[in-house]
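Here is a quick walk through a single chain, from its overall fold down to a handful of individual residues. Have the viewer open as you read.

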Amino acid sequence: MAINLTTKQKQYLKGLAHNLKPVVMLGANGLTEGVVAEIDNALNHHELIKVKVAGAERETKQLIIDAIVRETSAAAVQLIGHILVLYRPSKEPIIRLPK
């Protein structure tokens, strides 16, 4: 289930994410099942989160991001440096997206 966001919706989410701190940080162990579960849990509670992907080369980082998006069914809103912003609406949406 891929989430398709319009440019306007992405801009809105970027604005909301600006003041957030990273909730999950990937370390030397990389992307493990525990990390994916933690990201999934954080998305269930917050809908919009930041994930810090530290120490990975550009190609490796992109593979990790693709895996996170695929495993969590979330949308990658933004990537700046090592910080990834993810969005996934919960069953009872907290964030109301513009049309």
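## Ground rules and fold

Before any loop can be placed, helices and strands have to be pinned down: they are DSSP runs, with helices (H or I) of at least four residues and strands (E) of at least two, numbered from the N terminus. With that in hand, keep in mind that this is a predicted model.

The chain holds three helices and four strands, and going along the sequence they come in the pattern α-β-α-β-α-β-β.

## Overall dimensions and surface

How does the chain's radius of gyration sit against that of a compact globule? It agrees: for 99 residues a compact globule would come out near 13 Å, and the chain has 13 Å. The C-alpha trace spans about 40 × 25 × 25 Å along its principal axes. Of the contacts with a separation of 6 or more, 72% are between residues 24 or more positions apart.

As for what is inside and what is outside, 36% of the 99 residues are buried. The chain exposes about 6400 Å², with carbon and sulfur atoms supplying 51% of that area. On the charge side, there are 13 positive and 9 negative side chains, and the centres of these two sets are 11 Å apart.

## The nonpolar cores

In soluble globular proteins, nonpolar side chains tend to be buried together. Here, the largest nonpolar core has 16 residues, and Ile39, Ile49, Val51, Ile68 and Leu86 are those with the most contacts inside it. At least two residues of this core come from each of strand S1 (24-26), helix H2 (33-46), strand S2 (48-53), helix H3 (58-72) and strand S4 (83-87). H2 gives the most, with four residues.

Isoleucine 39 is a good place to click first. Setting aside residues up to four places away in sequence, isoleucine 39 touches Val24, Ile49, Val51, Ile68, Thr72 and Leu86. Apart from this core lies another, of 10 residues, including Leu5, Ala17, Leu48 and Ile95.

## Two residues with positive phi

Now for some backbone angles. Glutamate 47 sits in the loop between H2 and S2. Its phi is near 70°, a positive value in a residue other than glycine. Is glutamate 47 buried or exposed? Glutamate 47 counts as buried because its relative accessible area is 0%, and the cut-off for buried is under 20%.

Serine 73 also has a positive phi, about 55°, and is not a glycine either. This serine belongs to the loop between H3 and strand S3 (75-80). With a relative accessible area of 27%, serine 73 is partly exposed.

## Around S3 and S4

Next along from that serine, alanine 74 lies in the loop between H3 and S3 too. Alanine 74 is buried, at 5% relative accessible area. Which residues does alanine 74 touch, not counting those up to four places away in sequence? They are Ile3, Leu43, Val69, Leu86, Tyr87 and Arg88. Alanine 74 and valine 35 are 39 residues apart in sequence, and their C-alpha atoms are 15 Å apart in space.

Valine 85 is part of strand S4 and is buried, with a relative accessible area of 3%. Leaving out neighbours within four places in sequence, valine 85 is in contact with Ala17, Leu48, Ile49, Lys50, Ala75, Ala76, Val77 and Gln78. Between the C-alpha atoms of valine 85 and lysine 61, 24 residues apart along the chain, the separation is 14 Å.

## H1 and the loop after it

Glutamine 9 lies in helix H1 (residues 7-17). Despite the polar side chain you'll see in the viewer, glutamine 9 counts as buried, at 12% relative accessibility. Leaving aside neighbours within four places in sequence, glutamine 9 is in contact with Asn4, Leu97 and Pro98.

Lysine 21 is in the loop between H1 and S1. Buried or exposed, then, for lysine 21? Exposed, with a relative accessible area of 66%. The C-alpha atoms of lysine 21 and lysine 52 are separated by 9.3 Å, while the two residues are 31 apart along the chain.

Terms used:
Residues are numbered from 1 along each chain as its sequence is written. This is a predicted model: local features need pLDDT of at least 70, side-chain atom pairs count only at pLDDT 80 or more; totals for chains, interfaces and linings use all residues. Side-chain values use heavy atoms; hydrogens and water are left out. The radius of gyration is taken over C-alpha atoms; the globule rule is 2.2 Å times the number of residues to the power 0.38. Buried means under 20% relative accessible area, exposed over 50%, partly exposed in between (1.4 Å probe, protein chains only). Contact means heavy atoms within 4.5 Å. Accessible areas come from the Shrake-Rupley method with a 1.4 Å probe; for residues, only the protein chains shown count as cover. Lys and Arg count as positive and Asp and Glu as negative; His and the chain ends are not counted. The place of a charge is taken as NZ of Lys, CZ of Arg, CG of Asp or CD of Glu. A nonpolar core is a set of buried Ala, Val, Leu, Ile, Met, Phe, Trp, Tyr and Cys residues joined through side-chain atoms within 4.5 Å.
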